[in-house]
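Colleague: Before I plan any bench work around this fold, could we go through the labels one by one, with the rule behind each of them?

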Amino acid sequence: MYTKEEELQLQELIKSNKEFAYFINKSDENCKLLISHFSHELRNPLTLIKSTVQLIESNHPEARDFKYWTQLNEDINELEVLLTDLSFYNNSEKISIEKQDLLLLLNSVLSAFYPQAEQRGIHLSLTVDDNDKPYFTQFPHDRIKIKQVFTNLIRNAFDATKAGNYIHIECKAYSPTHIAIAVHNNGHMIPEDEISTIFDPFVTYKAGGTGLGLAISSRIIKAHEGTMKVSSTEEKTSFLITLPL
């Protein structure tokens with residue numbers, strides 16, 4: 001992946017050289033086509049393998065006692081998750097913008113996590129100043145993609161927290177330029193050496209992760225012409241998203 005400085009240099013080259021811009025765009029299109037074809041070709045045999053395993057288990061329940069049966073099912077499920085994430089990553093920059101209530105969406109995402117928060121003893125909350133609410137209620141965004149971003153961030157926050165911790169969404173408007181949405185938690189600190197690569201695809205620091213969740217989220221925010229940053233100390237970890245008004 002490129003550093004921030006390398007990304008700026010690449011953008012300058014694209015702007016100043018039409019042939020180079022065409023080559024980069026064509027390469028990106030070919031890469032997306034390859035990922036799409038790769039995912040499709042793998043999903044078909046994987047579906048067949050999964051249905052065969054289910055058929056064996058249905059006809060021979062004793063198969064569940066096989067030493068590696070549970071591991072086999074887990075591996076199949078992990079491959080399914082990876083292929084789904086690859087598809088999301090490939091299409092993360094395709095967005096359909098409509099003016100919609102962003103606060104309603106955020107509260108909807110939180111509502112889905114309330115049972116888990118109550119069960120685990122984690123405080124889940126959202127705050128926004130009354131004066132800032134009008135900037136969020138008719139905000140142009142792709143509802144499905146933005147929901148995916150915040151679902152992923154909150155799910156990650158749950159992975160980092162324990163009983164007594166909090167997960168808090170803070171919404172602010174900085175008229176006339178942008179809005180900012182921060183997802184805070186006071187769980188485990190992210191080590192400094194992990195922060196520089198945290199948005200890179202296929203980079204993961206947790207067991208069972210595909211390393212695509214934050215990469216997908218970052219691409220979705222970029223497609224909305226926004227930014228996504230992370231900071232982490234022993235007291236608090238924050239993912240800050242800014243989106244232009």
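Modeller: Let us begin with contact, which means heavy atoms within 4.5 Å. By that rule, phenylalanine 150 touches Leu106, Val109, Ile181, Val183 and Ile241, leaving out residues up to four places away in sequence. Please keep in mind that this is a predicted model, in which local features need pLDDT of at least 70 and side-chain atom pairs count only at pLDDT 80 or more, while totals for chains, interfaces and linings use all residues. Residues are numbered from 1 along each chain as its sequence is written, and side-chain values use heavy atoms, with hydrogens and water left out.

Colleague: Why is phenylalanine 113 called buried or exposed, and which of the two is it?

Modeller: Buried means under 20% relative accessible area, exposed means over 50%, and partly exposed lies in between, with a 1.4 Å probe and protein chains only. Phenylalanine 113 has a relative accessible area of 9%, so it is buried, and phenylalanine 158, at 1%, therefore counts as buried too.

Colleague: What makes the rings of phenylalanine 113 and phenylalanine 158 a pair, and of what kind?

Modeller: Rings of Phe, Tyr and Trp (its six-membered ring) pair if their centres lie within 6.5 Å, and planes under 30 degrees apart count as stacked, over 60 as edge-to-face and the rest as tilted. Here the centres are 5.4 Å apart and the planes stand at 15 degrees, so the pair is stacked. The two rings come from distant parts of the chain, 45 residues apart, with phenylalanine 113 in helix α4 and phenylalanine 158 in helix α6; helices (H or I, at least four residues) and strands (E, at least two) are DSSP runs, numbered from the N terminus.

Colleague: How many aromatic pairs are there, and what kind is formed by phenylalanine 66 and tyrosine 68?

Modeller: The structure holds 3 aromatic pairs. In the one formed by phenylalanine 66 and tyrosine 68, the centres are 5.9 Å apart and the planes are at 75 degrees, so it is edge-to-face. Tyrosine 68 itself has 48% relative accessibility and therefore counts as partly exposed.

Colleague: What makes serine 218 buried or exposed, and which residues does it contact?

Modeller: Serine 218, which lies in helix α8 (residues 213-223), has a relative accessibility of 11% and so counts as buried. Leaving aside neighbours within four places in sequence, serine 218 is in contact with Phe199 and Met228.

Colleague: And why is asparagine 91 placed in its own accessibility class?

Modeller: Asparagine 91, in helix α3 (residues 69-91), has a relative accessible area of 28%, so it is partly exposed. The C-alpha atoms of asparagine 91 and arginine 219 are separated by 9.4 Å, although these residues are 128 apart along the chain.

Colleague: How do you know which strands pair in the sheet, and in what order do they lie?

Modeller: Two strands pair if DSSP finds at least two bridges between them. The open sheet of 5 strands has mixed pairing and the order β2-β4-β5-β7-β6, with β2 (123-128) and β6 (227-232) as edge strands, each pairing on one side only. Between β6 and β7 (residues 237-244) there are 6 bridges, and these strands run antiparallel; valine 230 has phenylalanine 239 as its bridge partner in β7.
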